Amino acid sequence: MEKMSDDNTEEVMVLESEIERLQAEVESLQHQKQEINKDITFHYSQQMENALVFMCGQRQEAGKEMVMSRLKEELEELEEDVKLQTEINGITLNSCTTKTLQNSGRKLVQQLSLSGNCSELVFQVEFQLSEIKQDSERSKRTIGDLNVVLDSSDLQNFSSFLSRVEESRDLLLFFRTLRTFSDRCDDRSRTFQQFQDKYPSVVTLPGGPRSEVMTVNHPKLPGCMLFIHWSVDVSREGIVMPKINLLTKIPERALQLFPSQAVGGAAEAFESLLRILGPEAALESIIQAVSLSQET
């Protein structure tokens, strides 16, 4: 029994010695690994840093490209919306500036300045826009200090209307009336130009096709002229009313050849033609009558 106990003791001692040797070897290998890692970090730290910066830069560039692409798409959509709105209402906005005058959290007051054109009519509009929050979802907006400047030769027809718009601060009425007024002026210009192109020897436009006057020259009577005065009036309430009158210029010598009653009744006869035929047909009837007298 004592011999077996001694053998077991020796075996245990051998095993403990082997364990200590293996532990020492493991510690040595771990130390070597740490030294190798230090060498790798030291020798390749700059390359690793560059690689990380490159990867982060790529991600940032990719993010920027995505943002720019999205902004470009939104801008194109806005441009299409503006183009569509311009085609629908005929109003083109060339500039818009905004200045914040007050921002107290519940109340926001801004000064807005718009400039643009409707066909050939150039306008500038300045006003204050106040927005007061009534609750978390609703707010009330009001317009104040409205000032409208219109660059047009027909301002005498617009003055009382513009005064009323500035008093009532009715921007919708202004733009709606401006579009109607512009359309009627375009109708007049197109008609004048059409007749000048069709009857160049008879029709003249002293102020150009955008003016209010077209002249018809009587070829047989030097100095005898017919004036077509086509104005576009705007009432204080914003009602657009085209008004066409026929005026005559008859020299003294010509008056001796025509009865005064016939000359004096020309305007009334033209008004009858306007009511029956409409503007373009009535004007062409007058022009054709003058043209036929040239051939006789």
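This section describes the fold, the sheet and the side-chain contacts of a predicted model.

The chain contains 7 helices and 8 strands. Of its 296 residues, 26% are buried. The accessible surface amounts to about 20,400 Å². Carbon and sulfur atoms contribute 54% of that surface. Among contacts with a separation of 6 or more, 44% join residues 24 or more positions apart.

Four strands were examined as a sheet. Strands S5, S6, S7 and S8 form an open sheet, in the order S5-S6-S7-S8. The pairing is antiparallel. Strand S5 (203-204) and strand S8 are the edge strands, and each pairs on one side only. At the S5 edge, 2 bridges join S5 to strand S6 (residues 213-217). These two strands run antiparallel. Val-203 stands opposite Val-216 of S6.

At the other edge, strand S7 (residues 225-234) pairs with strand S8 (residues 240-249). This antiparallel pairing extends over 10 bridges. Within it, Trp-230 has Ile-244 of S8 as its bridge partner. The hairpin of S7 and S8 has 5 residues between the strands. One of the hairpin residues, Gly-238, takes a positive phi near 95 degrees.

Helices pack against this sheet. Helix H3 lies across S5, S6, S7 and S8. Its direction is at about 165 degrees to S7. Helix H6 (residues 266-277) also packs on the sheet, where H6 touches S7 and S8. The direction of H6 makes about 145 degrees with that of S8.

Salt bridges were then considered. The whole structure holds 7 of them. One of these joins the side chains of Arg-236 and Glu-167, with an N to O distance of 2.8 Å. This pair links distant parts of the chain, 69 residues apart. Arg-236 sits in the loop between S7 and S8, whereas Glu-167 belongs to helix H2 (residues 155-168). The two partners fall into separate accessibility classes. Arg-236 has a relative accessibility of 33%, so this residue counts as partly exposed. Glu-167 has a relative accessible area of 53% and is therefore exposed, the cut-off being over 50%.

Helix H3 carries a further set of charged contacts. Arg-184 and Asp-187 meet through their side chains in a salt bridge of 3.2 Å, N to O. Both lie in helix H3 (residues 171-198), and because they are 3 residues apart, about one helical turn separates them. Asp-187 also meets Arg-190 in a salt bridge, here at 2.5 Å, N to O. Arg-190 and Asp-187 are likewise 3 residues apart in H3, so their separation is again about one helical turn. Arg-184, Asp-187 and Arg-190 are thus linked in a network of salt bridges. Arg-184 is partly exposed, at 28% relative accessibility. Asp-187 is partly exposed as well, at 24%.

Aromatic contacts complete the description. The search of the whole structure finds 7 aromatic pairs. Phe-123 and Phe-175 form one of them, with 5.6 Å from centre to centre. Their planes are 75 degrees apart, and the pair is edge-to-face. This contact also links distant parts of the chain. Phe-123 lies in strand S3 (residues 121-133) and Phe-175 in helix H3, 52 residues apart. Phe-123 has 0% relative accessibility, so it counts as buried.

A second pair is formed by Phe-158 and Phe-161. The ring centres of Phe-158 and Phe-161 are 5.6 Å apart and their planes stand at 70 degrees, so this pair is edge-to-face. The two residues are 3 apart in helix H2, which means that about one helical turn separates them. Phe-158 is buried, at a relative accessible area of 0%. Phe-161 is buried too, with 0% relative accessibility. Elsewhere, Phe-123, Phe-174 and Phe-175 form one aromatic cluster.

Several of these features come together in two helices. Helix H3 lies across the four strands of the sheet, contains the Arg-184 and Asp-187 salt bridge and supplies Phe-175 to the aromatic pair with Phe-123. Helix H2 holds the pair of Phe-158 and Phe-161. Helix H2 also provides Glu-167, the partner of Arg-236 from the loop between S7 and S8.

Conventions. Residues numbered from 1 in each chain as written. Predicted model: local features only at pLDDT ≥ 70, side-chain atom pairs only at ≥ 80, totals over all residues. Heavy atoms only, no water. Pairing = 2+ DSSP bridges. Buried < 20%, exposed > 50% of the residue type's maximum accessible area, 1.4 Å probe, protein only. Contact = heavy atoms within 4.5 Å. Areas by Shrake-Rupley, 256 points an atom, 1.4 Å probe, with all protein chains shown as cover. Salt bridge = Lys/Arg side-chain N within 4 Å of Asp/Glu carboxyl O. Phe/Tyr/Trp six-rings, centres within 6.5 Å; stacked < 30°, edge-to-face > 60°. Axes fitted to C-alpha atoms, helices over the stretch in contact; angles between N-to-C directions.
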